[in-house]
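Reader: I would like a close look at a single part of this protein, taken slowly and with the reasoning spelled out. Please begin with one residue and work outwards from there until its surroundings make sense to me.

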Amino acid sequence: MNVTTKDIETIAYNHLWAKGKYLVFEVAAPRELVNKYHRERVDLLMYESTGTWKCFEIKNTVSDFRSSAKHSFWGDYGYYILNADIYPAVKDEIPNDIGVWLVHKPDGSKGWMECVKKPKKRERLCSNEALMFALMQAMSREYKKYRKIKENESSTKKSSKRSKRK
């Protein structure tokens with residue numbers, strides 16, 4: 001199964017997003033954690049309106065899982081989102097308190113996720129406010145990217161209309 005990290009992100013977002021859940025990719029460590037977790041990022045951060053924070057690390061290959069990149073779990077719950085093909089090779093390396101979602105994407109399908117290991121609640125490593133600020137910063141960054149794309153699309157449409165008039 002040839003699954004890209006972008007495929008995993010798309011499937012994860014579509015599967016995890018729901019009313020009362022707010023999620024964003026690539027969230028930098030909150031300021032409270034900078035000394036201990038300098039430049040660290042969590043691949044996906046989710047806040048549920050119940051007050052629960054979930055951190056997800058996306059790993060597409062065994063070498064990615066075993067790389068020196070940090071596995072950041074600052075919230076109440078931590079999960080791996082794994083390409084299903086790598087799970088047998090790494091399952092014994094996953095801490096007991098970390099949950100696991102597997103992504104399946106047979107050729108030509110949209111793909112889906114299944115939870116094969118539930119996490120245990122952990123002690124949150126920073127305050128609710130620090131995580132909320134980190135979530136807002138990342139969402140603001142994503143909105144800025146979205147606006148830039150929309151502005152470029154708008155400029156392209158205007159240029160194309162001008163060219164047709166000539």
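Author: The residue to begin with is Lys59, which counts as buried because its relative accessibility is 3%, where the cut-off for that word is under 20%. This is read from a predicted model, and the same holds for everything that follows. Lys59 belongs to strand β3, which spans residues 52-59.

Which residues are in contact with Lys59, once its neighbours within four places in sequence are left aside? They are Ile8, Asp64, Phe65, Lys70, His71, Tyr80, Ile81, Leu82, Asn83 and Ile86. Several of these names come back below, and they lead from Lys59 to the aromatic rings, to the nonpolar cores and to the strands.

Another lysine of the strand can be set beside Lys59. Lys54 is also found in β3, and it counts as buried because its relative accessibility is 16%, again under the 20% cut-off. The side chain of Lys54 makes a polar contact, at 3.0 Å, with the side chain of Glu48. Leaving out residues up to four places away in sequence, Lys54 touches Leu44, Leu45, Met46, Glu48, Tyr77 and Tyr79.

Among the contacts of Lys59, Phe65 and Tyr80 open the way to the aromatic rings. Ring pairs join Phe65, Phe73 and Tyr80 into a cluster, and Phe73 and Tyr80 are both buried. The structure holds five aromatic pairs. One of them is formed by Tyr13 and Phe25, whose ring centres lie 6.4 Å apart with the planes at 35 degrees, so that this pair is tilted. Tyr13 sits in helix α1 (residues 5-16) and Phe25 in strand β1 (residues 21-28), so the pair ties together parts that are twelve residues apart in sequence. Tyr13 counts as partly exposed, at 33% relative accessibility, whereas Phe25 is buried, with a relative accessible area of 17%. In the pair of Phe73 and Tyr80 the ring centres are 5.3 Å apart and the planes stand at 85 degrees, so the pair is edge-to-face.

Tyr80 and Leu82, both in contact with Lys59, also lead into the nonpolar interior. The largest nonpolar core has 28 residues, of which Val27, Leu45, Trp74, Tyr80, Leu82 and Ile94 touch the most other members. At least two residues of this core come from each of β1, β2 (41-48), β3, β4 (77-83), α3 (87-90), β5 (99-104) and α4 (128-165), and α4 gives the most, with five residues. Ile94, for its part, is in contact with Phe65, Tyr80, Leu82, Tyr87, Val100 and Lys117, its neighbours within four places in sequence being left aside. Apart from the largest core lies another one, of 16 residues, and among them are Ile8, Phe25, Phe56 and Val103. Lys59 is thus in contact with Tyr80 and Leu82, which are members of the largest core, and also with Ile8, a member of the other core.

Ile81, a further contact of Lys59, takes us to the strands. Ile81 stands opposite Trp101 in β5, and β4 and β5 run parallel, joined by five bridges. Six of the six residues of β5 are buried, so this strand is largely enclosed by the rest of the structure. Gly99, Trp101 and Val103 point one way from β5, while Val100, Leu102 and His104 point the other way. In a regular strand, side chains alternate between the two faces of the sheet. β5 also pairs with strand β6 (residues 112-117), here in the antiparallel sense and over five bridges, and in β6 the bridge partner of Val100 is Lys117.

Thr5, in helix α1, touches the end of the story from another side, for its contacts beyond four places in sequence are Ile58 and Asn60. Thr5 is partly exposed, with a relative accessible area of 35%. From Thr5 to Leu82 there are 77 residues in sequence and 9.6 Å in space, C-alpha to C-alpha.

For the setting as a whole, the chain has four helices and six strands, and from the N terminus on they run α-β-β-β-α-β-α-β-β-α. Of its 166 residues, 40% count as buried, and Lys59 is one that does, at 3% relative accessibility.

Notes: Residues are numbered from 1 along each chain as its sequence is written. This is a predicted model: local features need pLDDT of at least 70, side-chain atom pairs count only at pLDDT 80 or more; totals for chains, interfaces and linings use all residues. Side-chain values use heavy atoms; hydrogens and water are left out. Buried means under 20% relative accessible area, exposed over 50%, partly exposed in between (1.4 Å probe, protein chains only). Rings of Phe, Tyr and Trp (its six-membered ring) pair if their centres lie within 6.5 Å; planes under 30 degrees apart count as stacked, over 60 as edge-to-face and the rest as tilted. A polar contact is a pair of N or O atoms within 3.5 Å; within protein, one must be able to donate a hydrogen and the other to accept it, and residues adjacent in sequence count only if both atoms are side-chain atoms. Contact means heavy atoms within 4.5 Å. A nonpolar core is a set of buried Ala, Val, Leu, Ile, Met, Phe, Trp, Tyr and Cys residues joined through side-chain atoms within 4.5 Å. Two strands pair if DSSP finds at least two bridges between them.
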